[in-house]
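Work through the exercises below with the sequence and the model open. Each task is followed by a solution in steps.

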Amino acid sequence: MDHIRVMASRTWTIAIVAVVVVCGVILAFSWSFARLPLVGMGVLVAVLLAYVAIGRRAADGSRRATLYIGVLAVATFGLVAVAPPLAVFQSLAMPSGWVLSTTRRGGILSSFAVALAAAAGFFVALGPSWDTFASAAITFFFSLAGSIALGLWIWRIADYGSERARLLDELTAAQDELAAAHRDAGSTSERERLARELHDTIAQDLAGVVLLVQRSRRELASGMLRDETLGLVEESARAALTETRTLVAGSAPVELSGGLAAALGVLVERFRRETSVPVALEVTLGTPLERDAEVALLRCAQEGLANVRKHAGASTVSVTLAEDDGVAVLQVVDDGRGLDPSAVPDGFGLSGLRARLALAGGTLEVASDRGTTVTARLPREVSA
């Protein structure tokens, strides 16, 4: 179907009309010595009519295409028989044969038919002689060789383009599959992290609440319900509520539409509002990072602040974002009680962040001396 559009295109229409006009001009200048010049004009008109009736609707390899190629070969014979200079009509007939053929063999055969028709036209126009044979042979071989060489070259370019298009489609499909797998892996990892968080915190607090309620019911049944027991129920419920809010805050999305600096400002302000802990933010990064790098560093800041909120008991926190020799450096520092980095369970997400940064060519370091320092380093160019 692509070749139908090619033959019906404006370019082909202009080319056919141009060749017919050129042949008409040549015929006009050759009118005095041409054989049956009116027949030549009729052939040119027939070529235009054949294009409108057959050529524009010819699909490659179809009967209509074969018929149209035959018409062009016959027209070549008729025009050359009327006036040998009209052999220029081959410049239209041969390319048309290549366009409407489905194989290289078909293009070669169509070119052979047109070249043979032109040679036969020479014999009719000039009469049988050795000079005529020489002119016809030269025209035949040069026209045929040029058409085959050009046709095969263009066919090879078309094959190369088709192969590149196929490979590009496969690459695009592979990239889409990889992106989908990456999203699925990220979703699975996030679900696993949330499951661990829920099990390690909220689920345990709620299990304690259940046990305390059962204890309260036993004391109530014995008439010895104590305020201390109810206080423990309230304390455990408040702890579960606090853990829930912490988990929600740590997972809340932060928009990057205004850049990483603005997103860090929103994150820090949210942390300050929810914990009442003073937070200092300093951003000295120059030009913006790539989108993937900004997302990775933002997740590091979220996880670092989430750990401060849950475990550090800090009185002050600082978040800095700077650049060191083409490497973006994000630090979350607190003055809390510190932690043993090797003892941090997977539920806290540091191992996941470390793996995520490693995929992008970065690193994550956790140091604990007087407080805790989480340092993420990521090159400006995020590796694929």
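The exercises go from the whole chain to cores, aromatic pairs, salt bridges and a surface patch.

The model is predicted, so local features need pLDDT of at least 70 and side-chain atom pairs count only at pLDDT 80 or more, while totals for chains, interfaces and linings use all residues. Residues are numbered from 1 along each chain as its sequence is written, and side-chain values use heavy atoms, with hydrogens and water left out.

**Exercise 1. Describe the chain as a whole.**

Step 1. Take the secondary structure, where helices (H or I, at least four residues) and strands (E, at least two) are DSSP runs numbered from the N terminus. The chain has 11 helices and five strands.

Step 2. Take burial, with buried meaning under 20% relative accessible area, exposed over 50% and partly exposed in between (1.4 Å probe, protein chains only). Of the 384 residues in the chain, 38% are buried.

Step 3. Take the accessible area, from the Shrake-Rupley method with a 1.4 Å probe, where for residues only the protein chains shown count as cover. About 21800 Å² is exposed by the chain, and carbon and sulfur atoms supply 63% of it.

Step 4. Take the contacts (heavy atoms within 4.5 Å). Among contacts in the chain with a separation of 6 or more, 67% join residues 24 or more positions apart.

**Exercise 2. Find the largest nonpolar core and state which helix gives it the largest share.**

Step 1. Apply the criterion: a nonpolar core is a set of buried Ala, Val, Leu, Ile, Met, Phe, Trp, Tyr and Cys residues joined through side-chain atoms within 4.5 Å. The largest such core has 40 residues, and Ile16, Tyr68 and Phe89 touch the most other members.

Step 2. Assign members to helices. At least two residues each come from H2, H3 (37-53), H4 (63-82), H5, H6 (104-126) and H7. H4 supplies the largest share, nine residues.

Step 3. Inspect one member. Beyond neighbours within four places in sequence, isoleucine 16 contacts Leu48, Tyr51, Tyr68 and Leu92.

Step 4. Look for a further core. Another one, of 34 residues, lies apart from the core just described, and its members include Leu260, Leu267, Val268 and Leu289.

**Exercise 3. Characterise the surroundings of leucine 357.**

Step 1. Leucine 357 is in helix H11 (residues 350-359). Its relative accessibility is 1%, so leucine 357 counts as buried.

Step 2. Not counting residues up to four places away in sequence, leucine 357 touches Ala296, Cys300, Gly362, Thr363, Leu364, Ala376 and Leu378.

Step 3. Leucine 297 is 60 residues from leucine 357 in sequence, with 8.6 Å from C-alpha to C-alpha.

**Exercise 4. Classify two aromatic pairs.**

Step 1. Rings of Phe, Tyr and Trp (its six-membered ring) pair if their centres lie within 6.5 Å; planes under 30 degrees apart count as stacked, over 60 as edge-to-face and the rest as tilted. The whole structure holds five aromatic pairs.

Step 2. Tryptophan 98 and tryptophan 155 are edge-to-face, at 6.1 Å centre to centre and 65° between the planes. Tryptophan 98 lies in helix H5 (residues 90-100) and tryptophan 155 in helix H7 (residues 130-221), so the pair ties together parts 57 residues apart in sequence. Both are buried: tryptophan 98 has a relative accessible area of 9%, and tryptophan 155 has 16%.

Step 3. Phenylalanine 140 and phenylalanine 141 are also edge-to-face, at 5.1 Å and 80°. Phenylalanine 140 is buried at 11%, whereas phenylalanine 141 is exposed at 54%. With Phe112, they form one aromatic cluster.

**Exercise 5. Trace the salt bridges around arginine 226.**

Step 1. A salt bridge is a side-chain nitrogen of Lys or Arg within 4 Å of a carboxyl oxygen of Asp or Glu. The whole structure has seven.

Step 2. Arginine 226 is partly exposed, at 40%. Its closest N and O atoms to glutamate 219 are 3.5 Å apart, and the salt bridge with glutamate 228 spans 4.0 Å, N to O.

Step 3. Glutamate 219 is buried at 11%, whereas glutamate 228 is exposed at 51%.

Step 4. The network of salt bridges links Arg215, Glu219, Arg226 and Glu228.

**Exercise 6. Locate a nonpolar surface patch.**

Step 1. Patches are made of residues with over 30% relative accessible area and no salt bridge; like charges are joined within 9 Å, nonpolar side chains (Val, Leu, Ile, Met, Phe, Trp, Tyr) within 5 Å.

Step 2. Val17, Val21, Val25, Phe29 and Leu48 form such a nonpolar patch, with about 450 Å² of accessible area together. Helix H2 (residues 10-29) gives the most, four residues.
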